[in-house]
Amino acid sequence: MSASGIERVVNGFREVFGREDALVRSPGRLNLIGEHTDHNLGFVLPAAVDKSINLAIRLRDDGRIRLLALDKQDHYEGTLDAVRPSGQHWPDYLLGVLREFQERGCALPGMDCAFGGDVPIGCGMSSSAALEGGFAFGLNELLGFGLDRVELARLAQRAENRFVGVNCGIMDQFASLMGREKRLIRLDCRDLSYQYVPFEREDIRIVLCDSQVSHSLAGSAYNQRRAQCQAGVALLKAHQPGLESLRDATPELLEAHRAEFDPEVYRRCEYVVAENLRVIAACAALERGDLAAFGAAMNETHAGLAHGYEVSCPELDILAAAAQPLPGVLGSRMMGGGFGGCTINLVEAPALETFLAAMAPVYRNQLHKDPIIHICQLRGGTERIA
Ligand code: GLA
């Protein structure tokens with residue numbers, strides 16, 4: 001986020017609360033490949049980006065919670081002895097974090113927090129994980145709880161699962177907290193082992209095209225997809241007792257029991273099993289520098305998300321279909337949970353101008369919107385900046 005953006009948060013905080021104890025930058029994330037594999041304990045390839053939520057935090061000693069969402073110009077007040085869903089939605093990401101700290105037995109004294117940023121809300125760059133992780137990180141720093149980043153990611157994920165009510169996987173919180181400059185994170189969501197994969201290519205740009213469809217329905221549909229995956233696991237487990245998640249299923253096992261499946265549940269599981277194998281193959285392609293193969297895998301992911309997992313929407317399909325055949329576009333697909341948000345495009349640097357010129361009329365004529373396109377850099381994870 002720009003220096004002026006950080007200043008805005010500092011000024012917004014000081015106007016209302018006085019001097020902050022800490023200032024935290026917490027980035028949004030992108031994901032090159034591996035969608036809806038995290039909650040199936042498979043592989044993902046995300047990174048933290050150069051857009052962030054910044055939080056100014058000050059401790060209090062009277063058990064009060066005062067929160068200020070600068071971009072929404074909205075506030076919340078409550079007390080630590082009665083942390084419950086706010087009815088305002090956005091405070092719940094922060095209150096969920098407080099509840100998780102309380103459940104661990106971490107003593108909280110009270111706090112003021114103001115936040116704002118340039119991670120576009122609802123655009124699939126996970127502003128919610130940035131907010132949860134940044135708040136958890138800041139309190140952990142100020143109160144010396146001693147949790148490491150992976151523990152903070154788990155805590156932030158639980159806050160979203162149990163308090164906000166979205167049964168998300170760990171990818172977003174992990175990427176936001178664990179990101180590194182010019183690195184992707186190849187994460188195994190079963191045991192949280194990970195490797196940083198260098199992505200320093202000056203000749204490739206990572207470009208996000210915002211569909212400007214805010215994925216408000218995503219929560220319930222997300223939970224429904226997750227339940228369908230679990231139904232698939234329950235069914236397969238009867239045939240292969242050691243099977244813990246769709247990560248353990250092969251296409252052959254799935255195919256062999258096709259007749260026992262509800263067809264919709266089958267389509268969901270088929271996508272997940274294929275996507276997991278695709279991430280492994282795509283990572284191998286990246287390692288040998290075969291970006292054409294990597295991009296082709298991204299295109300296949302889009303098709304799977306659109307037709308098998310069914311979490312795309314017409315606007316995302318239009319953006320991906322328009323981008324895929326353009327010269328210099330290696331791959332294009334919807335990114336994140338779905339039902340809106342962005343497409344992610346790998347574009348050869350010399351083709352960037354023609355890409356932007358070609359996408360503008362697609363936005364205007366087919367989506368009836370002005371283009372909103374972000375060119376992303378990979379940045380370090382959550383950090384204290386003051
Ligand atoms: C959302 C969730 C993640 C992940 C993606 C889909 O961003 O928060 O945990 O499941 O969707 O890959």
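## Strands 2, 7 and 8

Two bridges tie strand 2 (residues 43-44) to strand 7 (residues 183-188), and the two run antiparallel. One of the facing pairs here puts F43 opposite D188 in strand 7. Keep in mind while looking around that this is a predicted model.

Strand 7 also pairs with strand 8 (residues 194-198), again antiparallel, this time through five bridges. In that pairing, R183 stands opposite P198 in strand 8. Strand 7 and strand 8 make a hairpin with five residues between the strands.

## L192 in the turn

Have a look at L192, which is found in the loop between strand 7 and strand 8. Its phi is near 60 degrees, a positive value in a residue other than glycine. That catches the eye because most residues other than glycine have a negative phi. L192 has a relative accessibility of 9%, and since the cut-off for buried is under 20%, L192 counts as buried.

F339 shows a positive phi too, near 65 degrees, and is likewise not a glycine. Its place is the loop between strand 10 (329-334) and strand 11 (342-348).

## The six-stranded sheet

Now for the open sheet: six strands in the order 5-4-6-3-1-13, with mixed pairing. Strand 5 and strand 13 (383-384) stand at the edges with a single partner strand each, so each has one side left without a neighbour in the sheet.

Further in, strand 1 (residues 22-31) and strand 3 (residues 46-59) run antiparallel and are joined by nine bridges. If you want a pair to anchor your view on, S26 stands opposite I53 in strand 3.

## Strand 4 and its two partners

Which way does strand 4 pair with strand 5, and which way with strand 6? With strand 5 (residues 74-79) the pairing is antiparallel, over six bridges. With strand 6 (residues 111-117) the pairing is parallel, over five bridges. L68 lets you see both sides of this: its bridge partner in strand 5 is H75, and in strand 6 it stands opposite A114.

Strand 4 and strand 5 also form a hairpin, with four residues between them. In that turn, Q73 has a positive phi of about 50 degrees. As for cover, five of the six residues of strand 4 (residues 64-69) are buried, so the strand is largely enclosed by the rest of the structure.

## Around the ligand

Where does the ligand sit? You will find it in the largest pocket. The residues around the ligand are R29, E35, H36, D38, H39, C168, G169, M171, D172, Y222, G336 and G337.

Three polar contacts are worth zooming in on. An oxygen atom of the ligand is 2.5 Å from an N or O atom in the side chain of D38. For the side chain of D172, the distance from a ligand oxygen to an N or O atom is 2.7 Å. G337 takes part through its backbone, where a polar atom is 3.2 Å from an oxygen atom of the ligand. On its own, the ligand has 310 Å² of accessible area, and the protein covers 92% of that.

## Helix 5

M171 and D172, both among the residues around the ligand, are also among the buried residues of helix 5. How many residues of helix 5 (residues 171-178) are buried? Eight of its eight, so to speak of the helix as mostly covered is fair by the under 20% cut-off for buried. Besides M171 and D172, the buried residues in helix 5 include Q173, F174, A175, S176, L177 and M178.

## H302 and I33

Is H302 buried or exposed? H302 lies in helix 9 (residues 291-308), and with a relative accessible area of 7% it is buried. Its side chain reaches the backbone nitrogen of M334 at 2.9 Å.

I33, for its part, is found in the loop between strand 1 and strand 2. At 0% relative accessibility, I33 counts as buried. A long-range pairing to check in the viewer is I33 with A297: they are 264 residues apart along the chain, yet their C-alpha atoms are separated by 8.1 Å.

Definitions and conventions: Residues are numbered from 1 along each chain as its sequence is written. This is a predicted model: local features need pLDDT of at least 70, side-chain atom pairs count only at pLDDT 80 or more; totals for chains, interfaces and linings use all residues. Side-chain values use heavy atoms; hydrogens and water are left out. Buried means under 20% relative accessible area, exposed over 50%, partly exposed in between (1.4 Å probe, protein chains only). Two strands pair if DSSP finds at least two bridges between them. A residue is near a molecule or strand if one of its heavy atoms lies within 4 Å of it. A polar contact is a pair of N or O atoms within 3.5 Å; within protein, one must be able to donate a hydrogen and the other to accept it, and residues adjacent in sequence count only if both atoms are side-chain atoms. Accessible areas come from the Shrake-Rupley method with a 1.4 Å probe; for residues, only the protein chains shown count as cover. On a 1 Å grid over the protein atoms alone, a cavity is a set of points where a 1.4 Å probe fits but cannot get out, and a pocket is an open set with protein on both sides within 12 Å along at least five of seven lines; lining residues have an atom within 4 Å of a point. A molecule sits in a cavity or pocket if more than half of its atoms lie within 2 Å of its grid points.
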